[in-house]
Amino acid sequence: MISQTMGRQVLLLISFLSVSPVCGQVSYSVPEEMSIGSLVGNIAQDLGLSVKRLKTGKGRVYSGDNRDFIELNTERGLLLVKERIDREALCGETIPCALHFQIVLENPMEFYSVTVEITDINDHSPSFEKSEIKFIISESANVGAKFDLERAADLDVGTNSLQSYVLKPSDHFLLKLHNQADGTKNVEMVLQKPLDREKKELMSLVLTAAVG
């Protein structure tokens with residue numbers, strides 16, 4: 001008996017997608033809050049591209065899911081601010097704060113990576129949640145008694161952020177600052193001289209938050 005085995009053949013087609021590697025990269029640094037149309041950098045010059053290549057290659061900015069804060073002017077080969085950039089809204093307290101995107105050219109397809117670091121400017125002043133707080137302190141309070149004060153809030157970072165506090169007048173009290181793990185400071189007012197109600201029943205002090 002002759003056994004005949006029959007089988008079916010499957011034709012498998014595999015498509016290969018060829019993606020050009022990144023051809024170059026460049027970095028810039030600009031301050032936040034620059035006006036729309038401000039110059040970020042001469043991208044054509046810095047990448048060694050001609051303005052003609054940018055135009056014929058339909059050069060454009062690709063930032064994925066990010067908003068396009070930067071635009072490419074193909075007529076001049078320049079990167080310009082397209083939308084006002086608020087560093088605090090974009091990155092919060094993260095340092096450094098940067099935009100990452102690509103310049104894409106066609107025919108042939110080319111990709112150039114661009115990083116724009118957004119530096120902080122001192123555009124926020126420290127502020128207290130309350131404009132005034134009151135303490136009722138016995139004149140028999142011991143020297144060294146401590147009283148917690150409210151911390152100020154400051155959206156700026158680095159050297160533009162909240163750095164110190166000043167308490168005036170400082171005849172009876174001094175300030176002590178305690179650094180916290182998150183970089184903030186707890187503020188204490190410490191009694192350094194006995195109180196005398198007969199001499200002074202009410203004291204008015206001013207706490208100032210300083211930056212830089």
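Where is the place of Asn107? Asn107 falls in the loop between S6 and S7, with helices (H or I, at least four residues) and strands (E, at least two) taken as DSSP runs and numbered from the N terminus. The model is a predicted one, so to speak of local features takes a pLDDT of at least 70, side-chain atom pairs count only at pLDDT 80 or more, and totals for chains, interfaces and linings use all residues. Residues are numbered from 1 along each chain as its sequence is written, and side-chain values use heavy atoms, with hydrogens and water left out.

As for the overall picture, the protein has three helices and 12 strands. Of its 212 residues, 31% are buried, where buried means under 20% relative accessible area, exposed over 50% and partly exposed in between (1.4 Å probe, protein chains only). The accessible surface adds up to about 14,800 Å², and carbon and sulfur atoms own 50% of that; such areas come from the Shrake-Rupley method with a 1.4 Å probe, and for residues only the protein chains shown count as cover. Take the contacts (heavy atoms within 4.5 Å) between residues at least 6 apart in sequence: 61% of them join residues at least 24 apart.

Back to the loop between S6 and S7. Asn107 has a positive phi of about 50° although it is not a glycine, and it counts as exposed at 66% relative accessibility. The peptide bond from Asn107 to Pro108 is cis, with omega near 0°, and Pro108 sits in the loop between S6 and strand S7 (110–119). Another cis bond runs from Ile95 to Pro96, with omega near -5°. Pro96 belongs to the loop between helix H3 (87–91) and strand S6 (98–105). Lys58 is a non-glycine residue with a positive phi too, near 50°. Its loop is the one between helix H2 (51–56) and strand S3 (60–62), and Lys58 counts as exposed at 54% relative accessibility.

Now for the strands. In a regular strand the side chains alternate between the two faces of the sheet. Strand S8 (residues 146–149) shows such a pattern: Phe147 and Leu149 point to one face and are buried, whereas Lys146 and Asp148 point to the other and are not. S8 pairs with strand S11 (residues 185–191) in the antiparallel sense over four bridges; for two strands to pair, DSSP has to find at least two bridges between them. Across from Lys146, in S11, stands Val190.

Gly41 is part of strand S2 (residues 39–41) and is buried, with a relative accessible area of 6%. Leaving aside residues up to four places away in sequence, Gly41 touches Tyr28, Gly77, Leu78 and Leu79. Val81 is 40 residues from Gly41 along the chain, and their C-alpha atoms are separated by 9.9 Å.

Finally, the pockets. On a 1 Å grid over the protein atoms alone, a pocket is an open set of points where a 1.4 Å probe fits, with protein on both sides within 12 Å along at least five of seven lines, and lining residues have an atom within 4 Å of a point. The largest pocket has a volume of about 940 Å³. It is lined by 26 residues, and the closest to its centre are Ile133, Lys134, Phe135, Met203 and Leu205. A volume here is the space filled by probe spheres set on the points, with grid points joined across faces, edges and corners. The lining divides into 15 nonpolar, two polar and nine charged residues, with Ala, Val, Leu, Ile, Met, Phe, Trp, Tyr, Cys and Pro counted as nonpolar, Asp, Glu, Lys and Arg as charged, and the others, Gly among them, as polar.
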